[in-house]
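I opened this entry to record what I looked up in the structure, beginning with how some of its helices pack and ending with a single residue.

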Amino acid sequence: MAKVELIMPKMGESIMEATILKWVKNVGDIVELDETILEIATDKVDSEIPSPVAGKIIEVYFEEDAVVEVGKAIAIIATEGEEPSASPAIAEKAETPKEEVPTAAKESVREEVPFVPEPTPAIVSSSSASLDTSQSNRFYSPLVKNIAKQENISVAELETIQGSGAKGRVTKRDILNYITSGKPAASNGSAKVAENIPAVANPTSNGSSIITTTSASTTASGNTEIVEMDRMRKLIAEHMVMSKHTSPHVTSFVEADVTNIVNWRNSIKADFQKNHGEKITFTPIFMEAVARAIRDFPMINVSVDGSNIIVKKDINIGMATALPSGNLIVPVIKSADQLNLVGLTKKVNDLAGRARANKLKPDDIQGGTFTLTNVGTFGNVMGTPIINQPQVAIMAVGAIKKKPAVLETEHGDVIAIRHMMFLSLSYDHRVVDGFLGGSFLRRVADYLEGFDTQQGI
């Protein structure tokens, strides 16, 4: 009999932990290869975790709503159909296949996360550790305590929330519903905002800190409205500030004549949708040009590790996608340089659709080496985007506008109406100088202006 550890997967480059939403399978259940075992969530995506092997679940380390670090073992699956001996923890680690987890990691899991039969927080993040619920007879998951701390909800107030979980346990949904439906205002509070909470407190008389969230937005006066950031917006804000602190940003601009691309797309889009069942937008065309330019200038496709430059051989292009909530997420097209225009179109449409439906998988948002954002979608002619760390460059494409432009002909220069578009490239000046950044951007524009209008679809 072999025992295989099910590991919490890495959900993205900036994600270090995930929350267990639901165990689809439980101890004693038989699972097939790739069958869903549990559902997990981060601030960016919800995802189903499949079984890496066929076998029987003999142990789980974490209850629902537990926040688990990436790389931690969350369950044990016994293969070969043999009934394992009863044990509160894994006794024989040597039987686990070597490629699953290094020995040191297994020992860490064994020491830090012993199996316990009663629902107990497996790990508590530092942000929730200060909320002491030890005197309460009720179980609160690390995620619930973290949200309570961020929203300045006391333990006494937590006790009043009606839970919908097992044994009346307060779930993530319960506490979020409590917050959005309007938690009762306290009789004493202060004008001081709780530390690290991007919200505004009600002014009161005795100096304590109370954050009032009677609705998603709170009116402070007749002329002012205060809207608290949601959790995803807070994460984006932290990532953007970190990027500015990490990289000295420089932005270069070029203007490209994309008249041939506009005319070609208008002439083939009906047949393209009929033949391939996909709408063709400008984005895959931009992606194709970017991938070709990265092959020409591979030092754009790098990251920085101290004094080392890590050159990425794969060209994985992220595309910034606006969500219905107003937030952004960046799904990644892997090996974009290996796809033709049809393949890029299908990938762009698939990822954009699943992003807006909140159905992206963890692998869809990680591994990017370069990012493209289309500010023209919002009617903007140009932008100065912030680098998506740990990448070193991000390109923005603006709105395509009809403009008078000078054309050189065999009969002399003429002024004609052309479809023009600005491109901008923000790059990390630690490793990308103006020559490299400007040359790369100009090469992208050259590929767009030299687009082959005779290509088939």
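I began with helix α7 (residues 283-296) and helix α8 (residues 341-356) of this predicted model, and I noted that their axes come within 9 Å and cross at roughly 120°. Since angles of 65 to 115 degrees count as roughly perpendicular and those over 145 as roughly antiparallel, α7 and α8 are therefore oblique to each other. I also looked up the hand of the crossing of α7 and α8, which is right-handed.

Next I listed the residues that make this contact: α7 contributes Thr283, Pro284, Ile285, Met287 and Glu288, while α8 contributes Leu341, Leu344, Thr345 and Val348. Sorted by class, the contact of α7 with α8 holds six nonpolar residues, two polar ones and one charged one.

I then turned to the packing of α8 with helix α6 (residues 259-276), where I found an angle of about 75° and axes 13 Å apart. That angle falls in the range from 65 to 115 degrees, and α6 and α8 are therefore roughly perpendicular to each other. From α6 the contact takes Trp264, Phe272 and His276, and from α8 it takes Leu341, Val342, Thr345 and Lys346. By class I wrote down four nonpolar, two polar and one charged residues for the contact of α6 with α8. Going back over both lists, I noted that Leu341 and Thr345 of α8 appear in the contact with α7 and also in the contact with α6.

For the protein as a whole, I noted nine helices and 21 strands. Of its 457 residues, 45% are buried, and the accessible surface comes to about 22800 Å², with 51% of that belonging to carbon and sulfur atoms. I also looked at how far apart in sequence the contacting residues lie: among contacts with a separation of 6 or more, 61% join residues 24 or more positions apart.

Last, I asked of one strand residue: is Ser303 buried or exposed? Ser303 lies in strand β12 (residues 302-305), and its relative accessibility is 7%, so with the limit for buried set at under 20% it counts as buried. Leaving out residues up to four places away in sequence, I recorded that Ser303 touches Asn308, Ile309, Ile310 and Lys312, together with Pro390 and Val392.

How values were computed. Residues numbered from 1 in each chain as written. Predicted model: local features only at pLDDT ≥ 70, side-chain atom pairs only at ≥ 80, totals over all residues. Heavy atoms only, no water. Axes fitted to C-alpha atoms, helices over the stretch in contact; angles between N-to-C directions. Helix = DSSP H or I, 4+ residues; strand = E, 2+ residues; numbered from the N terminus. Parallel < 35°, antiparallel > 145°, perpendicular 65-115°, else oblique. Left-handed = near helix turned anticlockwise from the far one by under 90°. Contact = heavy atoms within 4.5 Å. Nonpolar A, V, L, I, M, F, W, Y, C, P; charged D, E, K, R; others polar. Buried < 20%, exposed > 50% of the residue type's maximum accessible area, 1.4 Å probe, protein only. Areas by Shrake-Rupley, 256 points an atom, 1.4 Å probe, with all protein chains shown as cover.
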